[in-house]
Amino acid sequence: MRWRGRRQSSNIEDRRGGGGGFSSGGRRPGGLRIPVKAGGGGGIALIIIVLIGWLVFGINPMALLNGMDGGGSYQTSQVDSRQSGPGVAATADQTDDFVATVLADTEDVWTRRFEAAGETYPAPTLVLFDDQVRSGCGLAGLATGPFYCPADQKLYIDLAFFRELETRFGAPGDFAQAYVIAHEVGHHIQNLTGVLPKLNEARRSLPESEANALSVRVELQADCYAGLFAHDIGQANYLESGDIDEALNAAFQIGDDTLQKRSQGVVVPDSFTHGTSDQRREWFQRGYQTGDFGACDTLQGRL
């Protein structure tokens, strides 16, 4: 992805190392670099995924749907040695700059799309944390994975997850990381358009298996919105050869069936909360190929 030397978002709140002191509220002023721990060592272990409760871009999906919407469908270990070693970016500052640039791209993409519809896009804040964070949806840690909290309209991510994405999930590449961020921003779009509030209301009266099936539709829509993001920045000539393949591989590697086979050796479709590998890849590709917001309607018809 061509990200160096471009605009970086200032909608970033740094809570690493006890909170960030670049400006009031820990926000990151545009252009300044925030120190970040450079990846994790080899001590991050993958937790066995339970049948119901393993949530991009976690924790119990039922808890997520009631609060933290869009936890990333990946589950990491609570153990994080954070030893020195090779990270996913050449330097810690570059990792920060990359995240800030991708977030700025999501702002540009969705601002243009909202303006075309006669609306104003309220951009979310991305919170960087290490180890643990308190969100408007409760306390979370690295094991939660990246997530979106509709209560405070913020995205949360421990950047150690990007190393986990590469080493444990087999999804390397900068655009695999961009896909994770764009997926969580997709949940913000769903919150703004009323999908998440309606989902939470509907869930209360549904049996577990039907609530899970509804969650799958919401997650696949966020994947499709990530595809729209890829479409638009591709039109801006920010994509490089291999970027889409990196995103498609990431979508495949974090599909429910692939994760369950890897962790427990069996697949339980009724427990799916994000969709199969093929579905996740298909819906991302649909958004990317069409560039059409209307093509991302996963809530109607067969998936």
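Begin by selecting Arg112, which at 46% relative accessibility counts as partly exposed, a label given to residues between buried (under 20% relative accessible area) and exposed (over 50%), with a 1.4 Å probe and protein chains only. Arg112 has its place in helix α2 (residues 92–116), where helices (H or I, at least four residues) and strands (E, at least two) are DSSP runs, numbered from the N terminus. This is a predicted model, in which local features need pLDDT of at least 70 and side-chain atom pairs count only at pLDDT 80 or more, while totals for chains, interfaces and linings use all residues. Residues are numbered from 1 along each chain as its sequence is written, and side-chain values use heavy atoms, with hydrogens and water left out.

**From Arg112 to helix α6**

Keep Arg112 selected and add Asp232, which lies 120 residues away along the chain, with 9.9 Å between the two C-alpha atoms. Next select Gly234, which lies in helix α6 and counts as partly exposed at 29% relative accessibility. From Gly234, draw a C-alpha to C-alpha distance to Tyr288, which is 54 residues away in sequence and 8.9 Å away in space.

**Helices α7 and α9**

Tyr288 belongs to α9 and takes part in the contact with α7, so display both helices now, because two packed helices are described by the angle between their axes and the distance between the axes. The axes of α7 (residues 243–253) and α9 (residues 277–290) come within 7 Å and cross at roughly 145°; axes here are lines fitted to C-alpha atoms, for helices over the stretch in contact, and angles run from 0 to 180 degrees between N-to-C directions. The crossing of α7 past α9 is right-handed, a term used if the near helix is turned clockwise from the far one by less than a right angle, and left-handed if anticlockwise.

To see the contact itself (heavy atoms within 4.5 Å), show Ile244, Ala247, Leu248, Ala251 and Phe252 on the α7 side, and on the α9 side Ser277, Asp278, Arg280, Arg281, Phe284, Gln285 and Tyr288. By class, this contact has seven nonpolar, two polar and three charged residues, where Ala, Val, Leu, Ile, Met, Phe, Trp, Tyr, Cys and Pro count as nonpolar, Asp, Glu, Lys and Arg as charged, and the others, Gly among them, as polar.

**Helix α8 and Thr276**

Select α8 next and colour its buried residues, which are Asp256, Asp257, Thr258, Leu259, Gln260 and Ser263. These buried residues pack against α6 (208–235), α7 and α9. After α8 comes Gly265, with a positive phi near 80°. Then pick Thr276, in the loop between α8 (256–264) and α9, which counts as buried at 18% relative accessibility. Leaving aside residues up to four places away in sequence, Thr276 touches Gly255, Asp256 and Asp257.

**Loops between strands**

Two residues that are not glycines deserve a selection for their backbone: Asp131 has a positive phi of about 70°, and Gln153 has one of about 55°. Asp131 is in the loop between β2 (125–128) and β3 (132–135) and is partly exposed at 42%, while Gln153 is in the loop between β5 (147–149) and β6 and is partly exposed at 31%. Further on, Asp158 lies in the loop between β6 (154–157) and α3 (160–167), and counts as buried at 4% relative accessibility. Asp158 and Phe129 are 29 residues apart in sequence, yet 5.0 Å apart in space, C-alpha to C-alpha.

**Aromatic rings**

Finally, show the aromatic side chains, among which there are ten pairs. Rings of Phe, Tyr and Trp (its six-membered ring) pair if their centres lie within 6.5 Å, and planes under 30 degrees apart count as stacked, over 60 as edge-to-face and the rest as tilted. The rings of Phe114 and Tyr121 have centres 5.2 Å apart and planes at 55°, so this pair is tilted; Phe114 is buried at 14%, and Tyr121 is buried at 9%. The rings of Phe147 and Tyr156, with centres 4.9 Å apart and planes at 10°, are therefore a stacked pair, and both residues are buried.

Add Trp110, Tyr225 and Phe293, which form one aromatic cluster. The charged end of Arg113 sits over the ring of Trp110, 6.0 Å from its centre, a description used if NZ of Lys or CZ of Arg is within 6 Å of the ring centre and within 35 degrees of the ring normal. For a last stop, select Arg6, which lies over the face of Tyr238 at 3.5 Å from the ring centre.
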